[in-house]
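Trainee: Could you take me through one part of this model in some detail? I would like to start from a single residue and work outward to the packing around it.

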Amino acid sequence: MEALGQLIGGFETAFTWWNLLYCLIGVTVGMLVGVLPGLGPTTGTALLIPMTFGMEPVSAIIMLSGIYYGSMYGGTITSVLINTPGEAASVITCLDGHPLAKQGRAGVALGVAGIGSFIGGTISIIGLAFIGPALAELALKFGPPEFFALMIFGLIMVIGLMGRSLIRGLIAAFMGLILSLIGMDPVSGAVRFTFGEAHLMNGLDLVTVAMGLFGLSEILFGMENLQNLDKPAKVKGLLPRKEEWRPTLSAIGRGTGLGFFVGLIPGSNSVIPAILSYTLEKRIAKDPSRFGKGAIEGVAGPETANNSYCGAALIPLFTLGIPSSPTIAIILGAFIMHGLTPGPTLFQNNPDFVWAIIASMFIGNLILLIMNLPMAGMWAKIAAVPPKLLYPLILIISIIGAYTVSNSLWDVGVMFVFGIVGYVMKKLDIPMAPIVLTFVLSKLMENSLLQSIKMLEGNVLHLFARPISGTLLVLSLIVLVLSVIAEVKKKKASFAGDVEM
């Protein structure tokens with residue numbers, strides 16, 4: 001009841017006209033940052049920090065937080081409509097969001113994403129308000145060994161995204177693994193696979209690679225078949241069909257829980273819950289073959305997960321002073337710049353400030369829902385633009401987005417290279433999802449493995465002695481064995497069918 005009373009007090013502060021204005025500015029800028037490929041919440045938040053120098057601390061953090069969770073909404077729009085992820089977490093949305101748009105259901109994809117984002121974001125903020133401090137203590141038990149085990153589990157789950165051919169899927173996964181090794185070793189500082197090129201010292205950027213693989217390859221593939229393209233299907237509303245509501249809401253529920261849990265873990269990012277949610281939805285689906293062709297759960301789950309992650313990621317910051325992602329680290333810098341120290345004493349020493357921020361996030365999520373659902377039909381009409389006009393527009397957006405990653409033409413070149421790679425993979429029917437997923441997970445896994453080896457003094461078997469990491473590794477082993485058995489049975493059944501024919 002005490003927390004509820006303080007939250008009501010927070011709403012009084014958040015509902016002042018200037019704080020409402022800063023909240024609106026924050027979420028609007030966040031939406032724009034999400035829509036423009038290459039920017040992302042980290043860049044957007046960093047660019048606006050100088051604007052907050054003369055502002056009140058409450059107003060400054062309300063605006064910066066709005067950019068953070070607003071960008072998660074915006075990134076969905078370009079992923080669904082033009083197969084170009086606005087920010088890293090939206091890469092997963094391309095897999096089923098764009099196929100839905102091709103079927104004339106862009107409005108449904110955007111509507112489901114908006115509803116899921118609102119539910120996931122709101123529930124995570126409730127968690128931040130009422131159960132955050134207790135959960136933050138649990139998150140502290142996640143050290144490098146536990147994080148490594150979680151990444152292994154995620155990597156094993158990628159087997160579910162291998163497509164029709166396990167061999168082709170493994171080729172794609174191996175490519176992602178190799179690409180993740182490019183650059184400087186995170187522990188020793190040794191340089192790998194750069195071939196003397198200074199631009200590769202920091203490795204390849206996920207958004208640049210994804211824009212090439214998904215956005216540019218789509219243009220090349222579409223231009224080849226320009227004469228054979230059907231007229232774009234008419235947009236058919238914003239809500240799922242009656243029979244789709246149950247699986248959609250189930251996916252939203254699972255995405256909320258998964259995103260909230262991952263948000264508590266320091267060192268995580270919004271891509272991880274989106275990946276885990278997508279692989280989970282495909283794993284438990286009655287017909288996994290629908291995924292990649294326009295499965296509504298493939299949009300609902302990941303979109304909910306990355307928005308649920310946003311609220312939960314603030315819990316370690318508010319209660320322990322630990323940033324759980326690069327964007328949260330920038331917000332931590334803004335706290336310090338305004339004379340505030342996040343940590344266990346923040347709720348005691350600055351309760352008015354904390355509860356005003358939490359209340360503003362409720363308001364911001366509502367504003368974003370209003371901005372997304374009624375306008376989803378307008379956004380969806382972009383999918384009906386003739387390809388001759390749409391493809392040049394996608395190309396311009398992609399080039400600008402790639403350039404803004406680090407203000408370098410090198411990134412534009414990298415995007416074009418991966419656009420050609422993606423085009424060839426489409427022609428060979430090699431799935432692209434495993435490349436992106438292993439690229440993300442392998443980098444995180446390598447860091448945590450090297451830290452774990454040092455921490456456990458070289459004895460990797462001690463990973464099984466720790467309760468959380470041991471449980472996750474055993475589960476990974478079970479999933480791997482079951483996946484191999486299922487693949488063998490499928491091959492046997494296919495072979496038996498061929499013999500009978």
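Mentor: Happy to. Let's begin with Ile252: leaving aside residues up to four places away in sequence, Ile252 touches Ile115, Gly116, Ile119, Ala300 and Thr304. Keep in mind that this is a predicted model. Ile252 sits in helix α11, which spans residues 245–263. Is Ile252 buried or exposed? Its relative accessible area is 4%, and the cut-off for buried is under 20%, so Ile252 counts as buried. Another way to place Ile252 is through Glu297: the two are 45 residues apart in sequence, yet their C-alpha atoms lie 8.1 Å apart in space.

Now let's step out to the nonpolar cores. The largest one has 130 residues, and the members that touch the most others are Leu204, Leu213, Phe318, Phe335 and Ile358. Helix α4 (residues 57–82) gives this core its largest share, 15 residues. Ile252 belongs elsewhere: a second, separate core of seven residues includes Ile252 together with Val108, Val112 and Ile296. As background, nonpolar side chains in soluble globular proteins tend to be buried together.

Helix α6 (residues 106–130) is a good next stop, with its axis coming within 10 Å of the α4 axis and crossing at roughly 160°. That angle is over 145°, so α4 and α6 are roughly antiparallel to each other. Their crossing is right-handed. On the α4 side the contact is made by Tyr73, Thr76, Ile77, Val80 and Leu81, which meet Ala106, Ala109, Leu110, Ala113, Gly114, Ser117 and Phe118 of α6. Sorted by class, the contact of α4 with α6 has nine nonpolar and three polar residues, with no charged ones.

For a second helix pair, look at α10 (residues 206–224) and α18 (residues 409–428). Their axes come within 6 Å and cross at roughly 55°, and α10 and α18 are therefore oblique to each other. Here, too, α10 passes α18 in a right-handed crossing. What does the contact of α10 with α18 have by class? The tally is 14 nonpolar, five polar and five charged residues.

Finally, back to Leu204, one of the residues that touch the most other members of the largest core. Not counting residues up to four places away in sequence, Leu204 touches Leu179, Ile182, Val209, Val414, Phe418, Phe439 and Lys443.

Definitions and conventions: Residues numbered from 1 in each chain as written. Predicted model: local features only at pLDDT ≥ 70, side-chain atom pairs only at ≥ 80, totals over all residues. Heavy atoms only, no water. Axes fitted to C-alpha atoms, helices over the stretch in contact; angles between N-to-C directions. Helix = DSSP H or I, 4+ residues; strand = E, 2+ residues; numbered from the N terminus. Parallel < 35°, antiparallel > 145°, perpendicular 65-115°, else oblique. Left-handed = near helix turned anticlockwise from the far one by under 90°. Nonpolar A, V, L, I, M, F, W, Y, C, P; charged D, E, K, R; others polar. Core = buried A, V, L, I, M, F, W, Y, C linked by side-chain atoms within 4.5 Å. Buried < 20%, exposed > 50% of the residue type's maximum accessible area, 1.4 Å probe, protein only. Contact = heavy atoms within 4.5 Å.
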